[in-house]
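The questions below ask on what grounds particular terms are applied to the structure shown here. Each reply sets a value against the rule behind the term.

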Amino acid sequence: MTSVLIAEDEARIAAFVEKGLRANGFATTVAPDGRTALDLASTGEFDLVVLDIGLPVMDGFTVLRRLRQTKLPVPVVVLTARDDVSDTVAALEGGADDYVTKPFRFEELLARVRLRLRQDRAAEVTLLSAGDLQLDLLTRTAAVAGRSVTLSSREFALAEAFLRHPGQVLSREQLLSSVWGYDFDPGSNVVDVYVRYLRKKLGAERVETVRGMGYRLRTD
Ligand code: CA
């Protein structure tokens with residue numbers, strides 16, 4: 001199993017990342033400060049590190065610099081604040097492989113994690129399909145029975161979440177966290193609203209309501 005070290009001191013964000021990665025088949029360990037993160041990352045037992053820059057005890061830059069001194073080739077995806085471009089640049093110059101700016105949607109982080117793990121693995125899946133519905137993740141386009149359908153970026157992200165779990169029931173909470181991110185109010189009905197939009201564009205029967213549980217993409 002692929003092991004990811006999550007170096008993040010904010011419990012809410014650490015839990016959000018951990019839950020999402022576990023749901024996608026990764027093993028995870030959380031380090032709440034920079035010293036612990038460096039010690040764990042240096043064991044060489046992790047396939048990838050998600051590293052927050054603003055960490056207590058030792059900041060993310062220092063963790064990154066010391067980790068790179070060990071010559072371990074572990075990929076590092078840093079989490080930086082959206083309004084701090086200099087942090088992002090410094091992290092990349094310091095040896096980070098990639099970055100995601102806060103606040104982020106889980107799918108954004110997952111894409112970065114998968115990309116950095118894939119370096120010398122099999123070719124990326126860029127096309128998702130179920131029945132006559134197809135999504136091209138590179139061009140961000142959708143097609144039904146070969147005819148292209150225009151989706152907004154949220155609609156596309158929601159369709160992608162369904163296509164990554166064909167036939168499975170996805171709860172509103174799961175959909176909220178993978179499409180809207182951790183900053184979204186769990187009481188919001190935005191998922192229901194966007195499922196309606198998707199049904200209009202992709203066909204009313206495409207997404208089933210599973211009462212009391214959530215929604216499911218029909219695959220037949
Ligand atoms: Ca932090």
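Two strands count as paired if DSSP finds at least two bridges between them. The model under discussion is predicted.

Q: What makes E1 and E3 a pair of strands, and how do they run?
A: Pairing requires at least two bridges. Four bridges join E1 to E3, so the requirement is met, and the two strands run parallel. Within this pairing, isoleucine 6 stands opposite valine 50 of E3.

Q: How do you know that E3 also pairs with E4?
A: The rule again asks for at least two bridges. Between E3 and strand E4 (residues 76–81) there are four bridges, and the strands run parallel. Aspartate 52 has leucine 79 in E4 as its bridge partner. From E3 the chain passes through helix H3 (residues 60–69) to reach E4, in a β-α-β crossover that is right-handed.

Q: Why is that crossover called right-handed?
A: The term applies because, with the strands pointing away from the viewer, the path from the first strand over the helix to the second runs clockwise. The crossover from E3 through H3 to E4 is right-handed in this sense.

Q: What makes E4 and E5 a pair?
A: Five bridges join E4 to strand E5 (residues 98–102), and the two run parallel. At least two bridges are needed, so E4 and E5 are paired. Threonine 80 has threonine 101 of E5 as its bridge partner.

Q: Why is E3 described as largely enclosed?
A: A residue is buried when its relative accessible area is under 20%. Five of the five residues of E3 are buried, so the rest of the structure largely encloses this strand. Both of its faces are covered, with Leu48, Val50 and Asp52 buried on one side and Val49 and Leu51 on the other. In a regular strand, side chains alternate between the two faces of the sheet. E4 is mostly covered, five of its six residues being buried.

Q: What makes Asp9, Asp52 and Gly54 donors of the calcium ion?
A: For calcium, a donor atom must lie within 3.2 Å of the metal. The OD atoms of Asp9 and Asp52 and the O atom of Gly54 lie 2.2 to 2.3 Å from the ion, so they qualify as its protein donors. Their spacing in sequence is D-x42-D-x1-G. Aspartate 9 is in the loop between strand E1 (3–7) and helix H1 (11–23), whereas aspartate 52 is in strand E3 (residues 48–52); the pair therefore ties together parts that are 43 residues apart in sequence.

Q: Why is one of these aspartates called buried and the other partly exposed?
A: Buried means under 20% relative accessible area, and partly exposed covers the range from there up to 50%. Aspartate 52, at 4%, is therefore buried, while aspartate 9, at 36%, is partly exposed.

Q: How do you know that aspartate 87 has no salt bridge?
A: A salt bridge needs a side-chain nitrogen of Lys or Arg within 4 Å of a carboxyl oxygen of Asp or Glu. For aspartate 87, the nearest side chain of opposite charge is lysine 102, at 9.7 Å, so no salt bridge is formed although the residue is buried. Aspartate 87 is found in helix H4 (residues 85–93). Apart from neighbours within four places in sequence, aspartate 87 is in contact with Ile53, Phe61 and Thr80.

Q: What makes arginine 116 and aspartate 98 a salt bridge?
A: Their closest N and O atoms are 2.9 Å apart, and the limit is 4 Å. The pair links distant parts of the chain, with arginine 116 in helix H5 (residues 106–118) and aspartate 98 in strand E5, 18 residues apart. Aspartate 98 is buried, at 6%.

Q: Why does the pair of lysine 201 and glutamate 155 count as a salt bridge?
A: The closest N and O atoms are 2.8 Å apart, so the 4 Å limit is satisfied. Lysine 201 lies in helix H8 (residues 190–202) and glutamate 155 in helix H6 (residues 153–164), so the pair ties together parts that are 46 residues apart in sequence. Lysine 201 is partly exposed at 36%, whereas glutamate 155 is buried at 6%.

How values were computed: Residues numbered from 1 in each chain as written. Predicted model: local features only at pLDDT ≥ 70, side-chain atom pairs only at ≥ 80, totals over all residues. Heavy atoms only, no water. Donors = N, O, S within 2.8 Å, 3.2 Å for Na, K, Ca; no water. Buried < 20%, exposed > 50% of the residue type's maximum accessible area, 1.4 Å probe, protein only. Lys, Arg positive; Asp, Glu negative; His and termini not counted. Contact = heavy atoms within 4.5 Å.
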